[in-house]
Amino acid sequence: RSTSKRPQSPYIDIPEEIRGNYIFVPTQKFLDLSVTKYSSVSMPELLESVAKYCALSSTPMVIKIHPHLEGIELGQQKAYVAKLQSTYKNIYLSHASITFLTQHALATATLNGGTLVDNFNSQTPVVSYARSLFSNTTALVYDTSVERGLARLSSQHLPWSAARKLRQQQVVCWLHDMSLFSSKTPEANLETLQHHLDALLEGEVKKL
């Protein structure tokens, strides 16, 4: 499966010369509950830290703002990106497809957004800084320090190994099997629900 859960633009707006050599950061809502509850790093802190790392390593940085932001939230993120662009060189704001951006990045840096699954779909390098369902899997590199995580990724995990790509494929297959989809038949969705109910029941029995 190579598509994202959201409609994507075919528009390509990053220079050809940086493709394959940039750090990609897809933003999340600054006050998203998944960030405030499960991350010790805020979204602005992630953006600033990656920008500093990229400046020191002469690596371009590409940012894609969360597509569902609007109004004040959208204005805040655009202003923050503009501030970074005025402080650091080689920072690009993109509206291209998340699939294109993950596939052509040196690596993706994120907290715990749904875009992790886009990396899993494209089997591409990703470092995550917030707890999630996938934090303890080898489908990603997990760290609580932005600089340390990027350094570990660069020195130890690039190029992205076949074993990590396989784990990403396995996670995607598991998500498909364990999630409800309108493309599934009603019977298949009921079977998925039954799997979850059986697992909950098994957990309750073990507590007894």
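Where is the place of Gln168? Gln168 sits in helix H7, and we will come back to it at the end of this walk through the structure. Please keep in mind that you are looking at a predicted model.

Let's start with the sheet. Six strands make up an open sheet, and their order is S3-S2-S1-S4-S5-S6, with parallel pairing. At the edges are strand S3 (91-93) and S6, each of which pairs on one side only. If you look at the S6 end, you will find that S5 and S6 pair in the parallel sense over two bridges. There, Val127 stands opposite Val141 in S6.

Next, the nonpolar cores. In soluble globular proteins, nonpolar side chains tend to be buried together. Here the largest nonpolar core has 31 residues, and Leu46, Val50 and Met61 are those with the most contacts inside it. Several elements give two or more residues to this core: S1, helix H2 (43-56), strand S2 (61-64), H3, S4 and helix H6 (146-156). H2 provides the largest share, six residues. Met61 is a good place to zoom in: setting aside residues up to four places away in sequence, Met61 touches Tyr22, Ile23, Val25, Leu47, Val50, Ala51, Cys54, Asn90, Ile91 and Tyr92. There is also a second, separate core of 10 residues, and among its members are Ala96, Ile98, Phe100 and Leu101.

Now for the aromatic rings. The structure holds two aromatic pairs. In one of them, the rings of Phe30 and Tyr80 have their centres 6.2 Å apart; their planes are at 80°, over the 60 degrees needed, so this pair counts as edge-to-face. Phe30 belongs to the loop between strand S1 (23-26) and helix H1 (33-38), while Tyr80 belongs to helix H3 (residues 71-87), so the pair ties together parts that are 50 residues apart in sequence. Are these two residues buried or exposed? Phe30 has a relative accessible area of 18%, which is under the 20% limit, so Phe30 is buried. Tyr80 counts as buried too, because its relative accessibility is 15%.

The other pair is formed by Phe120 and Phe134, and this pair is edge-to-face, with 5.1 Å from centre to centre and 90° between the planes. Phe120 lies in helix H5 (residues 115-122) and Phe134 in the loop between strand S5 (126-128) and strand S6 (141-142), so to speak linking distant parts of the chain, 14 residues apart. Both Phe120 and Phe134 are buried.Phe120 brings us to its helix. H5 is mostly covered, with seven of its eight residues buried. The buried ones are Thr115, Leu116, Asp118, Asn119, Phe120, Asn121 and Ser122. Their cover includes S1, helix H4 (98-103), strand S4 (107-110), S5 and helix H7 (162-178). H5 also lies across S1, S4 and S5, and runs at about 155° to S5. Just after H5 comes Gln123, with a positive phi near 55°.

And that returns us to Gln168 in helix H7. Its relative accessible area is 0%, so Gln168 is buried. Leaving out residues up to four places away in sequence, Gln168 touches Asn119, Phe120, Gln123, Thr124, Val126, Ala139 and Trp160. Phe120, one of these contacts, is the residue that forms an aromatic pair with Phe134.

Notes: Residues are numbered from 1 along each chain as its sequence is written. This is a predicted model: local features need pLDDT of at least 70, side-chain atom pairs count only at pLDDT 80 or more; totals for chains, interfaces and linings use all residues. Side-chain values use heavy atoms; hydrogens and water are left out. Rings of Phe, Tyr and Trp (its six-membered ring) pair if their centres lie within 6.5 Å; planes under 30 degrees apart count as stacked, over 60 as edge-to-face and the rest as tilted. Helices (H or I, at least four residues) and strands (E, at least two) are DSSP runs, numbered from the N terminus. Buried means under 20% relative accessible area, exposed over 50%, partly exposed in between (1.4 Å probe, protein chains only). Contact means heavy atoms within 4.5 Å. Two strands pair if DSSP finds at least two bridges between them. Axes are lines fitted to C-alpha atoms, for helices over the stretch in contact, and angles run from 0 to 180 degrees between N-to-C directions. A nonpolar core is a set of buried Ala, Val, Leu, Ile, Met, Phe, Trp, Tyr and Cys residues joined through side-chain atoms within 4.5 Å.
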